[in-house]
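Let's take a walk through this one together, starting at a single residue and working outwards. Have the sequence and the 3D view ready.

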Amino acid sequence: MESIKVRTYIGNDGILQVQLPPEIVNQELDVVIVFQPVIQEASQYASKTPQELGYSHRFVAEVVGSWEGEPLERPEQLAFEEREEIQWPTS
């Protein structure tokens, strides 16, 4: 038994097209299909508008620049913590 992992797009017609290697032509096969929707990466969200991401058209206007308290200040950074070196067992 062999398995092949592919990423493909299913259009509105619902048809799955999978091209198999030429070594398996003229054979009878049992095929099992397991599918999982692809989770989109954050970089793909960057090019979408807030409306395309499901936010109200007023979201940006209501949220950006809405801090009304005292100005935020970043405190001085603490010194880097020195840790003991990990000793790996030798063979």
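Where is the place of Trp-88? Look in the segment after helix H2, which covers residues 59-63. Keep in mind as you look that this is a predicted model. Trp-88 is exposed, with a relative accessible area of 68%, and the cut-off for that word is over 50%. Now find Gln-19, which sits 69 residues away from Trp-88 along the chain. In space, the C-alpha atoms of these two are separated by 47 Å.

With that distance in mind, step back to the whole chain. Its secondary structure comes to 2 helices and 0 strands. The radius of gyration is 27 Å, while the globule rule gives 12 Å for 91 residues; the value is well over the rule, so the chain is more spread out than a compact globule. If you drew a box around the C-alpha atoms along the principal axes, it would be roughly 75 × 60 × 20 Å.

What about the surface? The chain has an accessible surface of about 10,600 Å², and carbon and sulfur atoms account for 53% of that. As for burial, 0% of the 91 residues count as buried, a label that calls for under 20% relative accessible area.

There is still a pocket to visit. The largest pocket holds about 1,300 Å³ of space. It is lined by 26 residues, and the closest to its centre are Ile-4, Lys-5, Val-6, Ile-33 and Val-34. Sorted by character, the lining has 18 nonpolar, 3 polar and 5 charged residues.

Next, some charge pairing. Side chains of opposite charge can pair when their charged atoms come close. How many salt bridges does a search of the whole structure find? The search turns up 1. In a salt bridge, the side chains of Arg-83 and Glu-81 meet at 3.5 Å, N to O. Both ends are out in the open: Arg-83 counts as exposed because its relative accessibility is 69%, and Glu-81 counts as exposed too, at 52%.

One last stop is a matter of backbone angles. Most residues other than glycine have a negative phi. Asn-26, however, has a positive phi, near 55 degrees. You'll find Asn-26 in the segment before helix H1, which spans 42-45. With 82% relative accessibility, Asn-26 counts as exposed.

Notes. Residues are numbered from 1 along each chain as its sequence is written. This is a predicted model: local features need pLDDT of at least 70, side-chain atom pairs count only at pLDDT 80 or more; totals for chains, interfaces and linings use all residues. Side-chain values use heavy atoms; hydrogens and water are left out. On a 1 Å grid over the protein atoms alone, a cavity is a set of points where a 1.4 Å probe fits but cannot get out, and a pocket is an open set with protein on both sides within 12 Å along at least five of seven lines; lining residues have an atom within 4 Å of a point. Grid points are joined across faces, edges and corners, and a volume is the space filled by probe spheres set on the points. Ala, Val, Leu, Ile, Met, Phe, Trp, Tyr, Cys and Pro count as nonpolar, Asp, Glu, Lys and Arg as charged, and the others, Gly among them, as polar. Helices (H or I, at least four residues) and strands (E, at least two) are DSSP runs, numbered from the N terminus. The radius of gyration is taken over C-alpha atoms; the globule rule is 2.2 Å times the number of residues to the power 0.38. Buried means under 20% relative accessible area, exposed over 50%, partly exposed in between (1.4 Å probe, protein chains only). Accessible areas come from the Shrake-Rupley method with a 1.4 Å probe; for residues, only the protein chains shown count as cover. A salt bridge is a side-chain nitrogen of Lys or Arg within 4 Å of a carboxyl oxygen of Asp or Glu.
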